[in-house]
Amino acid sequence: MLVHQAYQFALDPTPQQQGALASHCGAARYAFNWALKLVQRRLDERAAGLDVEVPWTLPALRREWNRAKQQVAPWWWENSKEAYNSGLDALARALHNWADSKAGRRKGPRVGFPQRKAKHRTRPTCRFTTGAIRVEPDRHHVVLPRIGRIHTHESTKKLARRLEAGTARILSATISCTADRWFVSFTVEVQRRSPERARVGGAVGMDVGLRHLAVLSTGEVIANPRPLNRAQRQLRRLNRQLARRHGPRAPDGSGRAPSIGWQQTCRRLGRTHARVTNLRRDNLHKLTSRLVADHDVIVVEQLNVAGMVRNRRLARHIADAGWGELRRQLGYKSAWAGARLVHADTFYPSSKTCSACGAAKAKLSLSVRVFHCETCGLRIDRDLNAASNLAALVADVVAGSSPET
């Protein structure tokens with residue numbers, strides 16, 4: 001099975017290498033903004049009746065950049081050509097998405113026209129597709145074009161083993177910075193073994209929630225770590241401290257140079273948010289890996305998370321649980337492990353239906369935590385009842401279905 005997989009590693013660059021990484025990301029942002037301004041000017045000229053070519057694809061944008069780079073960016077030789085190509089490619093994708101969304105060819109929310117990338121409001125990132133991109137045999141260094149050999153904060157053995165065995169091929173490398181920490185992410189074409197395994201744990205239904213992250217039909221209750229909720233006290237303190245500092249905006253709205261204290265507090269706030277994200281991601285990865293390894297069939301509900309977060313009383317808690325990410329990870333991990341993921345319909349009454357006799361209630365308030373069936377007299381935890389109904393759904397749905405129903 002040939003799949004595209006990403007391997008991300010934290011970096012420990014020297015101060016000189018940090019400057020080179022930031023320079024490449026800045027070059028990508030500069031190329032994006034320059035090309036966007038060119039496209040907007042050409043569109044205005046065409047609207048005025050002039051016969052001009054609007055560069056819309058990556059090859060067209062690259063030709064325009066090569067013609068003008070000596071005048072608009074005489075320092076272009078300081079960075080790899082891949083840095084500028086990365087920014088132009090991002091603009092070409094954005095224009096394509098906007099055009100498809102406007103024409104109705106793209107699913108999802110409406111996509112707006114690309115906007116200029118501000119220096120201090122955009123995550124620094126740059127992608128390399130050609131040049132010297134490799135993982136060193138010592139498994140503690142990576143090599144990137146023009147930047148050279150960079151020490152990694154963690155071992156690269158997971159990727160190095162596949163490269164040495166010939167079951168993986170690096171397609172590209174993307175550098176990014178989050179909360180003062182630099183990362184490199186390798187997009188790799190991996191030859192994975194076809195999942196062949198004996199039945200291990202049967203089918204399991206999983207009902208997600210806020211009180212508990214998930215309840216399984218086996219009776220196991222998975223606690224909700226609530227990383228954002230636990231960090232609220234520290235976040236409130238840092239936000240109040242940031243508001244007292246001399247920030248980049250004066251009370252009258254004019255711009256000014258921020259103080260060193262404001263910049264330090266801003267970095268601490270960013271690191272706190274990054275820690276919350278890492279705790280949530282780590283917990284979800286451990287949970288999903290265990291589920292696909294222990295069970296053959298996993299049944300989850302197709303929840304409308306985007307609609308649920310419109311409830312202002314529950315939005316923060318729903319986002320903190322990470323239901324969408326949980327379902328996304330189960331999707332690709334089940335295919336890798338040879339398990340089957342079944343999606344119950346959005347309006348399937350898993351909580352209102354009795355798991356013993358099948359009788360369904362017309363209404364069931366969220367405040368009712370214990371399900372009581374008037375038909376057979378069953379009293380059971382609401383979430384466990386829903387998980388049991390999801391597991392029972394497999395016998396009616398899975399037979400003859402595709403790996404993801």
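## A walk from two loops to a helix trio

Arg-146 sits in the loop that links strand S4 (141-144) with strand S5 (148-151). This is a predicted model, so treat each angle and distance here as a property of that prediction. The phi of Arg-146 comes out near 65°, a positive value in a residue other than glycine. That deserves a second look, because most residues other than glycine have a negative phi. As for its surroundings, Arg-146 is exposed, with a relative accessible area of 52%.

A second loop tells a similar story. Asp-180 lies between strand S6 (168-178) and strand S7 (181-191), and its phi is also near 65°, again positive in a residue other than glycine. Is Asp-180 buried, partly exposed or exposed? At 48% relative accessibility, Asp-180 counts as partly exposed.

Now zoom out for a moment. The protein chain has 12 helices and 14 strands, and its C-alpha atoms fill a box of roughly 80 × 60 × 50 Å along the principal axes. Of its 405 residues, 40% count as buried. If you take the contacts between residues at least 6 apart in sequence, 64% of them join residues at least 24 apart. With that background, let's pick out some helices.

Two packed helices are described by the angle between their axes and the distance between the axes. Take helix H6 (residues 232-244) and helix H7 (residues 260-294) to begin with: their axes come within 9 Å and cross at roughly 160°. An angle over 145 degrees counts as roughly antiparallel, so H6 is roughly antiparallel to H7. The crossing in which H6 passes H7 is left-handed.

Which residues make this contact? On the H6 side they are Gln-234, Leu-235, Leu-238, Asn-239, Gln-241 and Leu-242. On the H7 side they are Trp-262, Thr-265, Cys-266, Arg-268, Leu-269, Thr-272 and His-273. Sorted by type, the residues of the H6 and H7 contact give 6 nonpolar, 6 polar and 1 charged.

Thr-272 is a handy one to select in your viewer. This threonine belongs to helix H7, and it touches Gln-234, Leu-235 and Leu-238, leaving aside residues up to four places away in sequence. At 9% relative accessibility, Thr-272 counts as buried.

Follow H7 along and you meet another partner. The axes of H7 and helix H10 (residues 323-337) come within 9 Å and cross at roughly 40°. That angle makes H7 and H10 oblique to each other, and H7 passes H10 in a right-handed crossing. So H7 has a left-handed crossing with H6 and a right-handed one with H10.

The H7 residues that meet H10 are Leu-284, His-285, Leu-287, Thr-288, Ser-289, Leu-291 and Val-292. Facing them from H10 are Glu-325, Leu-326, Gln-329, Leu-330, Tyr-332, Lys-333, Ser-334 and Ala-337. Here the residues of the contact divide into 8 nonpolar, 5 polar and 2 charged.

Lys-333 is worth a closer look within this contact. It lies in helix H10. Is Lys-333 buried or exposed? At 10% relative accessibility, Lys-333 counts as buried. Leaving out residues up to four places away in sequence, Lys-333 touches His-285, Thr-288, Ser-289 and Val-292. The pairing with Val-292 is a long reach along the chain: Lys-333 and Val-292 are 41 residues apart in sequence, yet 6.8 Å apart in space, C-alpha to C-alpha.

Finally, the cysteines. How many disulfides are there? With a cut-off of 2.5 Å between cysteine sulfur atoms, the count comes to 0. Cys-177 is in no disulfide, and the nearest cysteine sulfur, that of Cys-25, is 7.7 Å away. Cys-177 is buried, with a relative accessible area of 17%. For Cys-357, the closest cysteine sulfur is in Cys-373, at 3.6 Å, which is too far for a bond. Cys-357 is partly exposed, with a relative accessible area of 39%.

Note on methods: Residues are numbered from 1 along each chain as its sequence is written. This is a predicted model: local features need pLDDT of at least 70, side-chain atom pairs count only at pLDDT 80 or more; totals for chains, interfaces and linings use all residues. Side-chain values use heavy atoms; hydrogens and water are left out. Axes are lines fitted to C-alpha atoms, for helices over the stretch in contact, and angles run from 0 to 180 degrees between N-to-C directions. Helices (H or I, at least four residues) and strands (E, at least two) are DSSP runs, numbered from the N terminus. Angles under 35 degrees count as roughly parallel, over 145 as roughly antiparallel, 65 to 115 as roughly perpendicular and the rest as oblique. A crossing is left-handed if the near helix is turned anticlockwise from the far one by less than a right angle, and right-handed if clockwise. Contact means heavy atoms within 4.5 Å. Ala, Val, Leu, Ile, Met, Phe, Trp, Tyr, Cys and Pro count as nonpolar, Asp, Glu, Lys and Arg as charged, and the others, Gly among them, as polar. Buried means under 20% relative accessible area, exposed over 50%, partly exposed in between (1.4 Å probe, protein chains only).
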